[in-house]
Amino acid sequence: MSDASPLTPSLSDVEFPKRIFSGIQPSGGMTLGNYLGAIRNWVAMQAEFDCVYCVVDWHAITASFDAPESFRTATREMAASLIACGIDPEKHILFNQSQNPDHVELAWIFNCVARMGWLNRMTQFKEKAGKNRENASTGLFVYPNLMAADILAYKATHVPVGDDQRQHLELTRDIAQKFNHDFERTVFPIVEPLILGAATRVMSLRDGTKKMSKSDASDMSRINLRDDSDTIAAKIRKAKTDPEALPSEPEGLAGRPEAENLANIYAALRGVTLEEALREVGGKQFSEFKPILAETAIAIFAPIAESLNRMMADPAEIDRILAKGAQRARAVSNPVLAELREVIGFVHG
Ligand code: TYM
């Protein structure tokens, strides 16, 4: 399949420059789960590496279409939330996916690289499609291929995400490997997931065995970035727990999913390990611990929500930031797509 092209090296150990890519769906506002599992790490990466961050509006329509005006607002709110959390759209690239068509062009190519068997194994598809698989959109089925395209359109090497995206990133690696192998040249890097911190999987406040999610029917199950301080305090006060006090060591959390979740959240908010957090709060009853947890969460979220609300008053400015980010994103991905057209053999001018 390969003919020697000056554009790409043949299969070898190519060193790709370190570049970060990650995405978030604008399907509901940002939650504490998104923040602790991913966004805080996105912010930290900016000090050292080139970062590309994306509000993935094409992924959001795989579930259902929203009313156009609420969809636009949700995309702007997610972009503003990222900036409020500390993403710098001047130094790094921040945009919404649908403003860079290179993602869909590459996703189509990956639809022809990924195998049905690979996608059939995706647990998120099974969870999201539920019992009525026949009624799921075909977009939902090929969702992971678009995700691989998001990342590889920039030849990104590292992807900060929460634990629930691990399997999708393995698929991205499989796609890159198969493409490189089939065309006998190292076009794509094999990405490394960055799953970091004490809360890589934040669970629902109502059920410690279920993931905290933007799309859960119960708002009491999650803390939203835009919740005011009273709401955050009330949600933590009502969070499900058990009658025991907090243990002083992580082993004491075995079989206590709700206690484990709240302890992990506390550790992550404080930026310490679970061991360190339990050394501090072990022995406390939940009646005593919950107000401490609420105060810690509010101290972090209140200033972020304030800056988000300020930005939402000027949607035109958010649109300008996203348009500029998209232009810079296209400048990075256009040459990658041009290289691919050459490698695959598409006729183009
Ligand atoms: P999304 O929008 O569901 O979530 C955005 C990020 O938040 C993390 N996350 C969590 N982390 C810990 N605990 C939780 N309860 C929790 N809920 C969500 C997610 O792991 C994610 O990092 N498919 C992706 C979006 C995407 C993407 C990409 C990510 C599209 N293209 C390319 C990385 C690279 C998603 O639905 O994330």
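This report walks through the ligand site of a predicted model, then its largest pocket and its largest cavity.

First, some ground rules. Local features in this predicted model need pLDDT of at least 70, side-chain atom pairs count only at pLDDT 80 or more, and totals for chains, interfaces and linings use all residues. Residues are numbered from 1 along each chain as its sequence is written, and side-chain values use heavy atoms, with hydrogens and water left out.

**Around the ligand**

The ligand has a shell of 26 residues, where a residue counts if one of its heavy atoms lies within 4 Å of the ligand. Closest are Tyr 143, Asp 150, Asp 164, Val 202 and Lys 214. By class, the shell holds eleven nonpolar, ten polar and five charged residues. Here Ala, Val, Leu, Ile, Met, Phe, Trp, Tyr, Cys and Pro are nonpolar, Asp, Glu, Lys and Arg are charged, and the others, Gly among them, are polar.

Polar contacts (pairs of N or O atoms within 3.5 Å) link nitrogen atoms of the ligand to these residues:

| Residue | Protein atom | Distance |
|---|---|---|
| Tyr 143 | polar side-chain atom | 2.6 Å |
| Asp 150 | N or O atom in the side chain | 2.7 Å |
| Gly 33 | polar backbone atom | 3.2 Å |

Taken alone, the ligand exposes 710 Å², and the protein buries 97% of that; the areas come from the Shrake-Rupley method with a 1.4 Å probe.

**The pocket it sits in**

The ligand sits in the largest pocket, meaning more than half of its atoms lie within 2 Å of the pocket's grid points. On a 1 Å grid over the protein atoms alone, a pocket is an open set of points with protein on both sides within 12 Å along at least five of seven lines, while a cavity is a set where a 1.4 Å probe fits but cannot get out; lining residues have an atom within 4 Å of a point.

This pocket has a volume of about 1300 Å³ and is lined by 50 residues. Helix α1 (32–45) gives the most to that lining, with six residues; helices (H or I) are DSSP runs of at least four residues.

**A cavity as well**

There is one cavity of 30 Å³ or more, with about 60 Å³ of space in it. Met 122, Gln 124, Phe 125, Lys 128, Leu 140, Tyr 143, Pro 144 and His 168 line the largest cavity. Helix α6 provides the largest share of this lining, three residues. Tyr 143, then, lines the cavity and is also among the residues closest to the ligand.

Notes. Polar contact = N/O pair within 3.5 Å; in protein donor to acceptor, adjacent residues only side chain to side chain. Helix = DSSP H or I, 4+ residues; strand = E, 2+ residues; numbered from the N terminus. Points joined across faces, edges and corners; volume = space filled by probe spheres on them.
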